[in-house]
Amino acid sequence: MRLKSSIWVAAYLRRCQTEGIFGAVRRRGAEEAGAVFVKLALLDGTAMLYMPAPQTAYDDSRPFERVFTPSSATPVAEQAIEERLAKEIRFDPDVWIVEIEDKAGRHFLDLAKH
């Protein structure tokens, strides 16, 4: 059983804050199990989007952890990220959108192993 989305998001934002990174919830999703998308703005007009990894990426020994995968290998224009997020909201209105800002590209997320 995974941690509630609302608790995970609060803990994630606290982690970012302790590292001096600004972060905010842009969209509140379902408290219990809404999917969480993290937009990392690099403050140069580009960004990265981290999405929930597919179920196959989860470690059976630690199924409660949240694992993410980037939507692209390199940063893209922020407008492209916004368009992708709009599609996700239309597909699943229960999604969470968290935005953080860091020129160095730090995100503190667990990424899926390929």
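Let's start with Trp-8, which is buried, with a relative accessible area of 15%. The cut-off for buried is under 20%, so Trp-8 falls on the buried side of that line. Please keep in mind that what you have on screen is a predicted model.

Who sits with Trp-8? Its ring pairs with that of Tyr-12, and the arrangement is stacked: 5.0 Å from centre to centre, with 10° between the planes. Both residues belong to helix α1, which covers residues 5-18, and being four residues apart there puts about one helical turn between them. Tyr-12 is buried as well, at a relative accessible area of 5%.

Trp-8 also has a second ring partner, Phe-68. Here the centres are 5.4 Å apart and the planes make an angle of 35°, so by the definition, where under 30 degrees is stacked and over 60 is edge-to-face, this pair is tilted. What does the pair of Trp-8 and Phe-68 tie together? Trp-8 lies in helix α1 and Phe-68 in strand β4, residues 68-70, so the pair joins parts that are 60 residues apart in sequence. Phe-68 counts as buried too, at 2% relative accessibility. The count of aromatic pairs comes to two, and ring pairs link Trp-8, Tyr-12 and Phe-68 into a cluster.

Now, for those of you who like pockets, that cluster comes up again. The second largest pocket has a volume of about 160 Å³, and its lining includes Trp-8, Tyr-12 and Phe-68. The other lining residues are Ala-11, Arg-15, Glu-65, Arg-66, Phe-108, Leu-109 and Asp-110. Which element gives the most to this lining? That is α1, with four residues. Sorted by class, the lining has six nonpolar residues, four charged ones and no polar ones.

Let's stay on helix α1 and move to Ser-5. This serine counts as buried, at 0% relative accessibility. Where does its side chain reach? It comes to 2.6 Å from the backbone oxygen of Gly-34. Gly-34 is also in the contact list of Ser-5, once neighbours within four places in sequence are left aside, and so are Ala-30, Glu-31, Glu-32, Ala-33, Val-36, Arg-66 and Trp-96. For Ala-30 I can add a backbone figure: its C-alpha atom is 7.3 Å from that of Ser-5, with the two positions 25 residues apart along the chain.

Next, a charged residue, Lys-39, in strand β2, residues 36-41. Is Lys-39 buried or exposed? At 3% relative accessibility, Lys-39 counts as buried. Its side chain makes a polar contact of 2.7 Å with the side chain of Glu-78. Leaving aside neighbours within four places, the contacts of Lys-39 include Glu-78, Glu-82 and Glu-99, along with Arg-26. Among the others in contact with Lys-39 are Met-48, Leu-49, Ile-81, Val-98 and Ile-100.

Let me finish with the whole chain. There are two helices and six strands, and from the N terminus on, the elements run α-β-β-β-β-β-α-β. Of the 114 residues, 36% count as buried. And for contacts with a separation of 6 or more, 74% are between residues 24 or more positions apart. The pair of Trp-8 and Phe-68, in parts 60 residues apart in sequence, is one link of that long-range kind to look for on screen.

Definitions and conventions. Residues are numbered from 1 along each chain as its sequence is written. This is a predicted model: local features need pLDDT of at least 70, side-chain atom pairs count only at pLDDT 80 or more; totals for chains, interfaces and linings use all residues. Side-chain values use heavy atoms; hydrogens and water are left out. Buried means under 20% relative accessible area, exposed over 50%, partly exposed in between (1.4 Å probe, protein chains only). A polar contact is a pair of N or O atoms within 3.5 Å; within protein, one must be able to donate a hydrogen and the other to accept it, and residues adjacent in sequence count only if both atoms are side-chain atoms. Contact means heavy atoms within 4.5 Å. Rings of Phe, Tyr and Trp (its six-membered ring) pair if their centres lie within 6.5 Å; planes under 30 degrees apart count as stacked, over 60 as edge-to-face and the rest as tilted. On a 1 Å grid over the protein atoms alone, a cavity is a set of points where a 1.4 Å probe fits but cannot get out, and a pocket is an open set with protein on both sides within 12 Å along at least five of seven lines; lining residues have an atom within 4 Å of a point. Grid points are joined across faces, edges and corners, and a volume is the space filled by probe spheres set on the points. Ala, Val, Leu, Ile, Met, Phe, Trp, Tyr, Cys and Pro count as nonpolar, Asp, Glu, Lys and Arg as charged, and the others, Gly among them, as polar.
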